[in-house]
Amino acid sequence: MPLPARRRAAAIAVLMCLGLAAHAQEAKPEAPPAESFTNSAMDAPLFYQLLIGELELGGGQPGVAYQVLLDAARRTGDEALFKRVIQIALQARAGDQALAASRAWAETVPTSTDALQSSVQLLALMNKPAEVPQPLAALLRIAPAAQRPGYIATLPRLFQRSPDPKGVLAALSPLLRAQAGALKPAALFAEARLAVAAGDNARALTLTRELHQALPDNDDAMQLAVDLLPAEPQAESLITERLRLKPGQHPLRQAYARALVRAQRPGDAAREFRTLTEATPDDAGAWLALGAVELELKHLPAAEAALREGLKRLDTPAAAGSDAEVKARAEGRRSAWLMLSQIAEQRGDLKAAEAALRQVDGGGIEVAYRRASLLARQGRLAEGRKLLQPAAGASDGDIRTALLAEAQLLREQRDFQGAFTVLEAAAARYPDDTGFLYEQAMMGEKLGRFDEMEALLRKVIALKPDYHHAYNALGYSLADRKLRLPEAKELIERALKLSPGEPVIVDSLGWVEFRLGNLPEAIRLLRQAHAGRPDAEIAVHLGEALWASGAQDEARRLFAEAAQREPGNEVLRETLARLKVAP
């Protein structure tokens, strides 16, 4: 395509200026050279070609610029020029052209690792995993040995946003499995990560075990095991064995404890955080995490003690650091005081709760909720609800958070109808929001509107088939009412498959086994649930199963512990009354 007249004139003007400058330079008398220079390898036709390409780009013709500069890159084999061509194509959102330039680069400069790496990255960006093995295999052949594991290790990150993670795993697994020797560990790690992304956790666990066997002291297998733990409970044995052999690996123990929190096992998480506070008593983060878990377990004195220990360490003069560390400490103090306010409120000490809240810097929904809760406890519920109303112009996310907070406030005040009404309006506004639908269903159960509850939960399951809480809630409700017990068990088992080992779901399965009359299995499951999450309701279920089995002394002990932890628990009160057990 010929250069338009205006830009051709501009190019000629530039060249004329350069020519005049050169002519003027030639007219000057020679001066002795101060130093030697290396002449450019660029000849006049190449210079003109590059100039035209850049002018075409500046004139809004990226396609022409691409063709002109790609031809120049091919003729010269200049790698920087190939990079420029790919950049032009990407800026023009022409992925296929960028990939073509990358392949031309690899053909022109067969020894270029940058060219092959560029092809792999572009194929990942364009979600073409089936075409990756060829350039990746070539890259692994020519790259320096020390760099090869790194190229493999980057694969999961390159494809982390792929819409078809199963396709990625299928495309890359054969090449990864073919790796041996020094590349084998990196290949195992990469394939395991891709398997996790594809939802194939069992395969990921197998690969993690192979990696651990190949490199017993390497931390990559431990990182994978921690990430797999909520979905694959068998991964836990790898972590616990490492910690048994090397109890001083505190970062691993902290990651393990946090994974236990994500797996809804606060009892086990508290055990690990306690170990951390004993081993690293100056670690404020470990104390704060322990306080948060103890609060969830309703261990109020232990929670308060841990939080205050954390605050002491946050406020020490030696706690200076970078801006990020200063910000993290400020967030830690904020969280600690919010939790201390909650603890005081649960004890009924509203004055101490308000005093703790005054220590919190800034606002936010958490502070608003704590203030609203304090007002509600003083009989000023309407004022509390006003604090939770979203501001004018609030984002959808802020509006949703505010609606959930208002519903939670009403539920805590046992205004189940009010909470149901708020959630019903929220679900009407956001009809596909499974969070609102699920919470509305839970309020429907509190109101005895079981048909409506079931319809809402089935809608949640239809919208989000992997929402394990919905399966569990429906199955447990049926079991608790002694209805359709085989179906209840099937629903709960489905939930447990989606979230293996989660104590509240194990508790539901134990409860349905109890309703089915399978007493030994019920007790086994309920013990497992109570060990992971020793809250009042699970303790009551285990206690009732033990009571039915004749182990009434152990049952009484569990009832007493539950009463001490949550004296107002409805399930506990109803069970004690039904069994005629003195509180």
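**Reading a predicted model, feature by feature**

Modeller: Let's start with a pocket: the second largest one here has a volume of about 260 Å³. Keep in mind throughout that this is a predicted model.

Biologist: How should I think about a pocket, and which residues line the second largest one?

Modeller: The general idea first: rolling a probe the size of a water molecule over the atoms shows where empty space is left. In this structure, the lining of the second largest pocket is made of Asn201, Ala231, Glu232, Asp466, His468, Arg494, Lys497, Leu498 and Pro500. Sorted by character, that lining has 4 charged, 3 nonpolar and 2 polar residues.

Biologist: Which helix gives the most to that lining?

Modeller: That's helix α28, residues 485–498, with 3 residues.

Biologist: On to the nonpolar cores. Which residues touch the most other members in the largest one?

Modeller: The general idea: in soluble globular proteins, nonpolar side chains tend to be buried together. Here the largest nonpolar core has 82 residues, and Leu136, Leu172, Leu176, Ile239 and Phe273 touch the most other members. Helix α11 (residues 184–197) supplies the largest share of this core, 8 residues. Apart from it there is another core of 43 residues, including Leu410, Phe436, Leu437 and Ala441.

Biologist: Take isoleucine 239. What is it in contact with, leaving aside neighbours within four places in sequence?

Modeller: With those neighbours left out, isoleucine 239 contacts Met222, Ala225, Val226, Leu229, Leu252 and Tyr256.

Biologist: What about charged residues: is arginine 242 buried or exposed?

Modeller: Read that from the relative accessible area, where under 20% is called buried. Arginine 242 has 4%, so it is buried. This arginine belongs to helix α14, residues 236–245. Beyond the neighbours within four places in sequence, arginine 242 is in contact with His212, Pro216, Asp217, Asn218, Asp219, Met222, Gln249 and Leu252. As for tyrosine 471, it is 229 residues from arginine 242 along the chain, and their C-alpha atoms are separated by 35 Å.

Biologist: And glutamate 345, where is it found?

Modeller: In helix α19, residues 323–347. Its relative accessibility is 2%, so glutamate 345 counts as buried too. Setting aside neighbours within four places in sequence, glutamate 345 touches Leu350, Ala353, Arg370, Ser373, Leu374 and Arg377.

Biologist: Now the rings. How many aromatic pairs does the structure hold?

Modeller: It holds 4. To read one, look at the distance between ring centres and the angle between planes; planes under 30 degrees apart count as stacked. Phenylalanine 82 and tryptophan 105 make a stacked pair, 6.0 Å centre to centre with 5° between the planes. Phenylalanine 82 sits in helix α4 (residues 79–91) and tryptophan 105 in helix α5 (residues 95–108), so this pair ties together parts 23 residues apart in sequence. Both of these residues, phenylalanine 82 and tryptophan 105, are buried.

Another stacked pair is tryptophan 511 with phenylalanine 514, at 5.0 Å centre to centre and 20° between the planes. These two are 3 residues apart in helix α29 (residues 503–515), so about one helical turn separates tryptophan 511 from phenylalanine 514. Tryptophan 511 and phenylalanine 514 are both buried.

Biologist: Backbone next. What is the phi of glutamine 264?

Modeller: The general idea is that most residues other than glycine have a negative phi, and most peptide bonds are trans. Glutamine 264 isn't a glycine, yet its phi is positive, about 60°. Look for glutamine 264 in the loop between α15 (250–262) and α16 (266–279). With a relative accessible area of 26%, glutamine 264 is partly exposed.

Arginine 484 also has a positive phi, about 40°, without being a glycine. You'll find arginine 484 in the loop between α27 (468–480) and α28. Arginine 484 is partly exposed, at 39% relative accessible area.

Biologist: Last stop, the loop between α5 and α6. Is threonine 111 buried or exposed?

Modeller: Over 50% relative accessible area is called exposed. Threonine 111, which lies in that loop, has 67%, so it is exposed. Its C-alpha atom is 6.8 Å from that of isoleucine 142, 31 residues apart along the chain.

Biologist: And valine 109, buried or exposed?

Modeller: Valine 109, found in the loop between α5 and α6, is buried at 13%. Apart from neighbours within four places in sequence, valine 109 is in contact with Gly77 and Glu79. Valine 109 and aspartate 78 are 8.7 Å apart, C-alpha to C-alpha, and 31 residues apart in sequence.

Key
Residues numbered from 1 in each chain as written. Predicted model: local features only at pLDDT ≥ 70, side-chain atom pairs only at ≥ 80, totals over all residues. Heavy atoms only, no water. 1 Å grid on protein atoms, 1.4 Å probe; cavity = no way out; pocket = protein on both sides within 12 Å on 5 of 7 lines; lining within 4 Å. Points joined across faces, edges and corners; volume = space filled by probe spheres on them. Helix = DSSP H or I, 4+ residues; strand = E, 2+ residues; numbered from the N terminus. Nonpolar A, V, L, I, M, F, W, Y, C, P; charged D, E, K, R; others polar. Buried < 20%, exposed > 50% of the residue type's maximum accessible area, 1.4 Å probe, protein only. Contact = heavy atoms within 4.5 Å. Core = buried A, V, L, I, M, F, W, Y, C linked by side-chain atoms within 4.5 Å. Phe/Tyr/Trp six-rings, centres within 6.5 Å; stacked < 30°, edge-to-face > 60°.
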